[in-house]
Amino acid sequence: MNDPLASTLSSILNAEKVGKKICVVKPASNIIKTVLQILKDNSYIGDFEVVKDNKGDLIKINLIGRINKTGVIKPKFSLEKDEFEKFEKRFLPAKDFGLIIISTSKGIMTHYAAKEKNLGGVLLSYCY
């Protein structure tokens, strides 16, 4: 598995399209947990729990049917604090619709929070 975050987001998207209520993904890394927490805080997914396993942890995600499209951004573009609009136009369908998840020096956050704190960073994923 080359990109666990991409695998997780594509599993979530596929389960949403089929109409499943629960999606189980593996492995469980800190970046994946943080991205899922951001999606939960913005009400794109329901609650999720980490299930301990001998071969690596699993994450059970409750889906609520609010995701239209989600994915990772490759290559992981670096952006400065004044370049958000360019990437919003590229990855989101409309202004203020959806979110871009960014890894900054202050942690992983949405592009709205990064704009507010006047931070740049590296693009990770998008969701709408």
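## T104 and its surroundings

In this predicted model, the residue T104 lies in strand β6. T104 has a relative accessible area of 11%, and because buried means under 20% relative accessible area, T104 counts as buried.

The side chain of T104 takes part in two polar contacts with the backbone of residues that follow in the sequence. The first partner to mention is K106, whose backbone nitrogen is reached by the side chain of T104 at 3.2 Å; the other is G107, whose backbone oxygen lies 2.7 Å from a polar atom of that side chain. When the neighbours within four places in sequence are left aside, T104 is in contact with M109, A114, L119, G120 and G121.

## Strand β8 and its partners

Which residues make up strand β8, and why can it be called largely enclosed? Strand β8 covers residues 121-127, and six of its seven residues are buried, so the strand is largely enclosed by the rest of the structure.

Strands of a sheet pair through backbone hydrogen bonds, and this pairing can be either parallel or antiparallel. Strand β6, which spans residues 99-104, pairs with β8 in the antiparallel sense over five bridges, and within this pairing I100 stands opposite Y126 of β8. Strand β4, made of residues 70-72, is also paired with β8 in the antiparallel sense, here over three bridges, and G71 has Y126 in β8 as its bridge partner. Y126 therefore faces I100 as well as G71, since it is named as the partner in β8 for each of them. Strand β5, residues 78-79, is joined to β8 by two bridges, and these two strands run antiparallel; L79 is found opposite G121 in β8, and G121 is also one of the residues in contact with T104.

## The sheet of β1, β3 and β2

Another part of the model holds an open sheet of three strands, arranged in the order β1-β3-β2 with antiparallel pairing. Its edge strands are β1 (22-25) and β2 (48-51), each of which pairs on one side only, and neighbouring strands of this sheet are turned by 20° against each other on average, direction ignored. Between β1 and β3 (residues 58-62) there are four bridges in the antiparallel sense, and V25 stands opposite I59 in β3.

## Helices on the sheet

Helix α1, residues 4-18, lies across β1 and β3 and runs at about 160° to β1. Helix α2, residues 30-41, packs on the sheet as well, where it touches β2 and β3, and its direction makes about 160° with that of β2.

Conventions
Residues numbered from 1 in each chain as written. Predicted model: local features only at pLDDT ≥ 70, side-chain atom pairs only at ≥ 80, totals over all residues. Heavy atoms only, no water. Pairing = 2+ DSSP bridges. Axes fitted to C-alpha atoms, helices over the stretch in contact; angles between N-to-C directions. Contact = heavy atoms within 4.5 Å. Buried < 20%, exposed > 50% of the residue type's maximum accessible area, 1.4 Å probe, protein only. Polar contact = N/O pair within 3.5 Å; in protein donor to acceptor, adjacent residues only side chain to side chain.
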